[in-house]
Amino acid sequence: MTQAEKERVPIEKGFFTIPRDPSEPPSLLGTRCRSCSEVFFPRRKVCAKCLSQDTEDTLLGPRGTLYTYTYVHVPMFGTSRTDAQGYGVGQVDLPEGPRVQAVLSGGAEDFRIGMELELQLETLRENRKGQDVVIFRFRPLAAA
Ligand SMILES: [Zn+2]
């Protein structure tokens with residue numbers, strides 16, 4: 001497969017990492033408050049809990065727990081054939097603290113509240129430079 005050598009770029013910078021090795025899971029880019037230890041995603045300069053500006057970047061994931069979800073029975077705009085049946089959107093609790101809203105990988109029957117999920121990157125399309133444009137999703141661990 002040439003997939004491994006292909007450069008991957010985020011659809012939007014600053015939200016997740018892209019490991020050089022495609023078999024490695026990505027991480028979400030969050031912020032930890034040095035004053036009160038609260039963790040946030042996405043990143044922020046000021047702590048929403050104690051208003052401290054003494055914050056630092058931190059990596060989150062790749063595991064999470066499905067808090068709740070819905071399934072959209074309409075294909076997502078601009079996505080590949082794997083999404084032709086619709087897609088799940090979930091709120092995922094990260095062990096580090098934040099609850100993240102994210103697209104879920106899988107069919108309408110694949111999700112259960114409380115199940116363990118794993119972060120993954122999915123290629124949306126190829127850009128003009130021949131790079132894969134990727135987004136993050138969570139998929140059920142059992143289906144991996
Ligand atoms: Zn704080």
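1. Arginine 32 has glutamate 56, a residue of strand E4, as its bridge partner. The model in which this pairing occurs is a predicted one. The pairing belongs to the match between E4 and strand E2, which spans residues 28-33. These two strands run antiparallel to each other over 6 bridges.

2. The wider arrangement is an open sheet of 3 strands in the order E3-E2-E4, paired in the antiparallel sense. Strand E3 (39-40) and strand E4 (55-60) each have a single partner strand and therefore stand at the edges, with one side of each lacking a neighbour in the sheet.

3. Leucine 28 links strand E2 to the nonpolar interior: E2 covers residues 28-33, and Leu28 is among the residues with the most contacts inside the largest nonpolar core, which has 20 residues. The others named for this are Val92, Val100, Ala102, Leu104, Phe136 and Phe138. At least two residues of the core come from each of strands E5 (63-72), E6 (87-93), E7 (99-104), E8 (116-126) and E9 (132-140).

4. Beyond its neighbours within four places in sequence, leucine 28 is in contact with Phe15, Phe16, Phe41, Leu60, Gly61, Val100, Leu119 and Phe136. Of these partners, Val100 and Phe136 also appear among the core residues with the most contacts.

5. Valine 46 is located in the loop between E3 and E4. Because 14 other C-beta atoms lie within 10 Å, this residue is classed as partly exposed. Leaving out residues up to four places away in sequence, valine 46 touches Leu51 and Gln53. Its C-alpha is 8.2 Å from that of cysteine 33, although 13 residues separate the two in sequence.

Definitions and conventions:
Residues numbered from 1 in each chain as written. Predicted model: local features only at pLDDT ≥ 70, side-chain atom pairs only at ≥ 80, totals over all residues. Pairing = 2+ DSSP bridges. Helix = DSSP H or I, 4+ residues; strand = E, 2+ residues; numbered from the N terminus. Core = buried A, V, L, I, M, F, W, Y, C linked by C-beta atoms within 7 Å. Buried ≥ 20, exposed ≤ 12 C-beta atoms within 10 Å, placed from the backbone. Contact = placed C-beta atoms within 7 Å.
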